[in-house]
Amino acid sequence: MNQTDYMTVGTVRNGGSIKGNGKGVYSLIIRHDGSIQETGLLEADSISFICHGNGNVMYGVSETKDFSGLNGSGGGVIAFIRNSDGTLSLLDRSISYGSRPCYLTMTQSGRYLLVANHGSHTTVTCSYQKKEDGSYELVRGFDESSVAVFALKKDGSFDRLCDLVKMEGKGYWCHGGGQSTSHIHCVIEKNGTVIVCNRGTDEIAVMKLDENTGKLTPVEIFHVHAGYAPRHAVFHPSLPVIYVIFENYPAVGIYEIRKDDTLQLKRIIGTMEDSFYLCHPLPLHEKRHADVDEVNTCAMMNHRLPMGSQLQVTHDGKILFVSSRLYSSVGCITSYGIDASGDLHLQHVNPMPGSDIRGFGLDEKNRILAAGIMDRNRIVLFSYDDSIRLQETHQHYDLAAPSCIIF
């Protein structure tokens, strides 16, 4: 095995939407013999997602609602540097202008950082309102989901907040069971087109980014299959296609980006073998919102169903990997081949040594996939070949609550 580039890992601790005892961001390297060595730690609170910036600058979200211990301050974002010796240094930090940020990405131009604030899982305000019959009804208020746009300075530090787009609405399971209100989980950008996955409302928002002002302009609110809860999206590197992993039901959506930047569904494909769907067929709800007494069939309520977590496309556009967690059994990473049209062909459902698989990283140079096993507090290395089947290398590194991994 050749020495890989550094592996950067975000970890979480209690207080965010996911639990753990992580201390912050770690820098690791895989040595020639396959062993993993820690080279640096930047202590920070609940860094659940990280991304590359320009050069050796990287960014992370602090998935809290009380950043820096300030009650009600919202979540936070950090900018940090990986030094030549593998150590990590803090460059800058800011509030995220929302609660529990969970995703961030630097734009292709390198001028802006987009941050998804998914809001709180819990009630933050409540009051009683008098009804017409004289009785009182408890009304709960929730943190709003939002997308924040930060302008970046030349050194990668934060310049200013350029825009803050708040989103409202309710999804299919609006009477309970998972996030029943707006809950943004992902924001990505390519050529000025911004895709936002709203897990809580069963919607994908499409916006355009103005490179001069950093402002976002709405293009379309696309309604996905009701109840499916879009979690993460990724662009195909060369085709006008995005892939979306759903959190409530084990499936991936393939969407074409039209010339006017609107979306068109090409098809939905499962993340499990065909035999799984004989017992657990994918639902097709005929209305946008469930009835009050309707039995919730989503993975939040039925732990026999896999919950999609992350997906990545290789740089050559030929392979898609999708991770799923399954609380009543082992999690998995599904591998697909991608054809010339962007369509997917399921190759293997690769079981993982643990159930809670959130993030994974790809080292395409050495064809290594590093999976974060949250419930085992461990990073496990896999190799993959042309058949796209993952083979465990038996190399691992114990690390508390690894939520996101990038090479």
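The residues that line the largest pocket of this predicted model divide into 19 nonpolar, 11 polar and six charged. The volume of this pocket is about 1,200 Å³. Two open antiparallel sheets, S8-S9-S12-S13 and S14-S15-S16-S17, are described below, followed by the salt bridges, of which the count comes to 14.

**The largest pocket**

- The pocket, with its volume of about 1,200 Å³, is lined by 36 residues, and the closest to its centre are His52, Val234, Gln312, Val313 and His315.
- Several strands each supply at least two residues of the lining, among them S4 (47–52), S18 (230–235) and S22 (307–313).
- S26 (357–363) and S30 (402–406) also each supply at least two lining residues.
- S8 and S14 (184–190) likewise each contribute at least two residues to the lining, and each of these strands also belongs to a sheet, S8 to S8-S9-S12-S13 and S14 to S14-S15-S16-S17.

**The sheet S8-S9-S12-S13**

- Four strands make up this open sheet, in the order S8-S9-S12-S13, with antiparallel pairing.
- S8 (101–106) and S13 (158–167) are the edge strands; each has a single partner strand, so one side of each is left without a neighbour in the sheet.
- From one strand to the next, the twist averages 20 degrees.
- Five bridges pair S8 with S9 (residues 112–117) in the antiparallel sense, and Thr105 stands opposite Leu114 in S9.
- Ser157 is located in the loop between S12 (145–152) and S13.
- Is Ser157 buried or exposed? Its relative accessible area is 7%, and Ser157 is therefore buried, the limit being under 20%.
- The C-alpha atoms of Ser157 and Asp92 are separated by 5.6 Å, although the two residues are 65 residues apart along the chain.

**The sheet S14-S15-S16-S17**

- The second open sheet also has four strands, in the order S14-S15-S16-S17, and its pairing is antiparallel.
- S14 and S17 stand at its edges with a single partner strand each, so one side of each lacks a neighbour in the sheet.
- Neighbouring strands are turned by 20 degrees against each other on average, direction ignored.
- Why is S14 described as largely enclosed by the rest of the structure? Seven of the seven residues of S14 are buried, so the strand is largely enclosed.
- S14 and S15 (residues 193–198) run antiparallel and are joined by six bridges.
- Within this pairing, Lys190 stands opposite Thr193, and Glu189 has Val194 as its bridge partner.
- The two strands S14 and S15 form a hairpin with two residues between them, and Asn191 in the turn has a positive phi of about 55 degrees.

**Salt bridges**

- Side chains of opposite charge can pair when their charged atoms come close.
- Arg111 and Glu211 form a salt bridge in which the closest N and O atoms are 3.7 Å apart.
- This pair links distant parts of the chain, 100 residues apart: Arg111 is in the loop between S8 and S9, and Glu211 is in the loop between S16 (203–209) and S17 (216–223).
- Both partners are partly exposed, with a relative accessible area of 39% for Arg111 and 25% for Glu211.
- Glu294 and Lys287 meet through their side chains in a salt bridge, at 3.4 Å from N to O.
- Glu294 is partly exposed at 24% relative accessible area, and Lys287 is partly exposed at 34%.
- In the salt bridge between Arg367 and Asp386, the closest N and O atoms are 2.8 Å apart.
- Arg367 lies in the loop between S26 and S27 (368–373), and Asp386 lies in the loop between S28 (378–384) and S29 (390–398), so the pair ties together parts that are 19 residues apart in sequence.
- Arg367 is partly exposed, with a relative accessible area of 29%, whereas Asp386 counts as exposed at 69%.
- Which residues are joined into one network by salt bridges that share partners? The network consists of Arg199, Arg231, Glu247, Arg325, Asp356 and Arg358.

Terms used:
Residues numbered from 1 in each chain as written. Predicted model: local features only at pLDDT ≥ 70, side-chain atom pairs only at ≥ 80, totals over all residues. Heavy atoms only, no water. Pairing = 2+ DSSP bridges. Axes fitted to C-alpha atoms, helices over the stretch in contact; angles between N-to-C directions. 1 Å grid on protein atoms, 1.4 Å probe; cavity = no way out; pocket = protein on both sides within 12 Å on 5 of 7 lines; lining within 4 Å. Points joined across faces, edges and corners; volume = space filled by probe spheres on them. Nonpolar A, V, L, I, M, F, W, Y, C, P; charged D, E, K, R; others polar. Buried < 20%, exposed > 50% of the residue type's maximum accessible area, 1.4 Å probe, protein only. Salt bridge = Lys/Arg side-chain N within 4 Å of Asp/Glu carboxyl O.
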